[in-house]
Amino acid sequence: MTYERFGAPIKSTQVALAQSADPVELESESVLPELVPMSPEITYPAVRVASSNARDPMLAATNLASQLTHDHLGAVLFFCSAEYDLDRLGIALDYVFSGTEVFGCTSAGEITPHGYGRGCITAIGFDRRYFSIGCGLISELESFSLQGAQDLIDDLLSICRNPRLAPVKGNTFAITLLDGLSSREELLLATLNSALGTIPHFGGSAGDDEQLANTHVFHKGQFHSRAATVLLVNTSLDFRVFSTHHMIEPGEKLVVTAADSDTRTVYELNAEPAAEAYARAVGVSLERLDREVFALRPMAVRIGDHYFLRSVQQVNPDKSLTFYCAVETGIVMTAMHPGSLLANLREQLEEAEAAVGQPLVTIGCDCFLRRLEAELTGVAEETSEFLKAHKVIGFNTYGEQFEGVHINQTFTGVVIGQPDAADPGR
């Protein structure tokens with residue numbers, strides 16, 4: 001297991017661009033917007049949000065910088081389409097945000113300041129007067145140990161404590177971004193959760209626009225596969241970490257009677273070929289099993305009083321099913337039925353907003369199958385407008401994480417409240 005941490009001093013993008021002695025080669029330098037120096041008298045909100053539809057990596061990165069850069073920019077979190085040339089995008093982001101820490105991942109769809117996006121990049125810039133953020137890279141998922149997790153979290157806590165913004169307890173949350181095709185989420189999350197203790201934790205698995213080929217996380221100017229990033233965020237602002245799904249239980253049970261947990265493949269349900277049993281449980285023919293059925297009729301595992309969703313990724317030629325989450329022989333799964341996606345999301349967000357006050361921003365990890373469901377049921381535009389109105393920035397994922405558990409077809413995230421009007425940093 002290896003990891004790295006950050007703690008570099010902040011410099012403005014304007015200064016970094018002016019001082020660079022080895023500029024990145026541009027396809028069309030003349031189209032780049034000029035970055036205007038910011039007046040030190042201007043004050044800024046605790047976060048800025050941005051997005052760009054530009055396909056050229058340097059232009060997209062520069063567009064973000066023109067929207068996010070100010071004297072107190074401390075860190076940038078982004079989510080981007082895997083359609084970008086990731087090598088060039090990594091160089092461009094490192095160049096335009098020189099001196100500012102940048103982290104993020106590829107997605108299966110973006111949530112921008114304008115609602116749902118596709119083939120674009122969206123980002124949040126954090127004001128260092130309100131946020132202290134430590135970020136570590138886990139580059140060897142297979143050998144990540146409890147001692148490694150504890151060392152990593154201790155290092156990140158040290159970074160978070162340096163500015164003395166707020167006590168760690170009650171003022172810190174964690175975000176994990178993982179390679180969404182690594183099949184290592186469960187073990188890594190359980191290990192991290194032990195080290196995090198009472199610190200609330202959520203996150204999402206990186207996507208690749210539903211190609212299911214390569215997913216990446218970003219750390220220190222480079223995209224990495226088979227890796228994870230862990231962000232520890234300390235803030236003086238109120239926040240609420242939450243997770244929700246809108247699936248309800250119709251009651252049909254399916255026992256996993258043969259499975260390979262390493263590959264997340266179920267061979268038998270109720271001692272029958274898994275695809276046949278699943279198709280019958282959801283009321284379709286075997287031939288009709290596709291991504292639309294997977295989106296509308298997932299299965300779930302009950303733990304205590306809660307159902308944790310397990311979504312099917314694909315039907316295999318031998319009639320087995322591959323899942324996005326871990327499955328094991330002997331567990332009981334329930335075929336689920338969708339309730340109202342938008343009504344459930346509205347209830348959960350408004351409950352969180354009632355706790356923290358007027359939202360500053362919500363960082364959201366939303367399963368790509370939920371977005372597909374919204375499109376299939378005709379509520380995508382309404383959902384997009386709702387996300388825009390509630391200041392949600394995030395991405396569509398290949399899996400979500402909440403308090404150390406890896407789940408599917410949920411919306412998980414954090415609502416962050418606005419600074420108090422009397423706060424001198426505002």
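**Entry 1: a helix and a sheet**

Which strands does helix H3 (residues 86–96) lie across? I looked this up in a predicted model. I found H3 lying across E2, strand E3 (101–107), E6, E10 and E11. I also noted its direction: H3 runs at about 165° to E2.

Next I traced the sheet itself. It is an open sheet of six strands with mixed pairing. I wrote down the order as E1-E6-E2-E3-E10-E11. Which strands stand at the edges? They are strand E1 (47–52) and strand E11 (222–224). Each has a single partner strand, so one side of each is left without a neighbour in the sheet. I then checked the twist. On average, neighbouring strands of this sheet are turned by 20° against each other, direction ignored.

I followed one edge further. Strand E10 (residues 217–219) pairs with E11 in the antiparallel sense, over three bridges. There I found His219 standing opposite Gln222 in E11.

A second helix came up here. Helix H2 (residues 57–68) packs on the sheet. I saw H2 touching E1, strand E2 (73–81) and strand E6 (121–127). The direction of H2 makes about 155° with that of E1.

**Entry 2: Asp366**

I moved on to one residue. Asp366 lies in strand E24 (residues 359–367). Is Asp366 buried or exposed? I found Asp366 buried: its relative accessible area is 2%, and the cut-off for buried is under 20%.

What is Asp366 in contact with, leaving aside its neighbours within four places in sequence? My list includes Ile111, Tyr116 and Phe395. Asn396, Thr397 and Glu400 are also in contact with Asp366. So are Thr410 and Phe411.

I checked one distance too. Asp366 and Thr244 are 122 residues apart along the chain. Their C-alpha atoms are separated by 9.9 Å.

**Entry 3: cysteines**

I reminded myself of the chemistry. A disulfide is a covalent bond between the sulfur atoms of two cysteines. How many disulfides does a search of the whole structure find? The search finds zero.

Why is Cys120 without such a bond? The closest cysteine sulfur, in Cys80, is 9.4 Å from the sulfur of Cys120, and that is too far for a bond. The cut-off I used is 2.5 Å between the sulfur atoms. Cys120 is buried, with a relative accessible area of 2%.

Cys367 was next on my list. Cys367 is in no disulfide. The nearest cysteine sulfur is that of Cys325, 9.0 Å away. I found Cys367 buried, with a relative accessible area of 2%.

Notes
Residues are numbered from 1 along each chain as its sequence is written. This is a predicted model: local features need pLDDT of at least 70, side-chain atom pairs count only at pLDDT 80 or more; totals for chains, interfaces and linings use all residues. Side-chain values use heavy atoms; hydrogens and water are left out. Two strands pair if DSSP finds at least two bridges between them. Helices (H or I, at least four residues) and strands (E, at least two) are DSSP runs, numbered from the N terminus. Axes are lines fitted to C-alpha atoms, for helices over the stretch in contact, and angles run from 0 to 180 degrees between N-to-C directions. Contact means heavy atoms within 4.5 Å. Buried means under 20% relative accessible area, exposed over 50%, partly exposed in between (1.4 Å probe, protein chains only).
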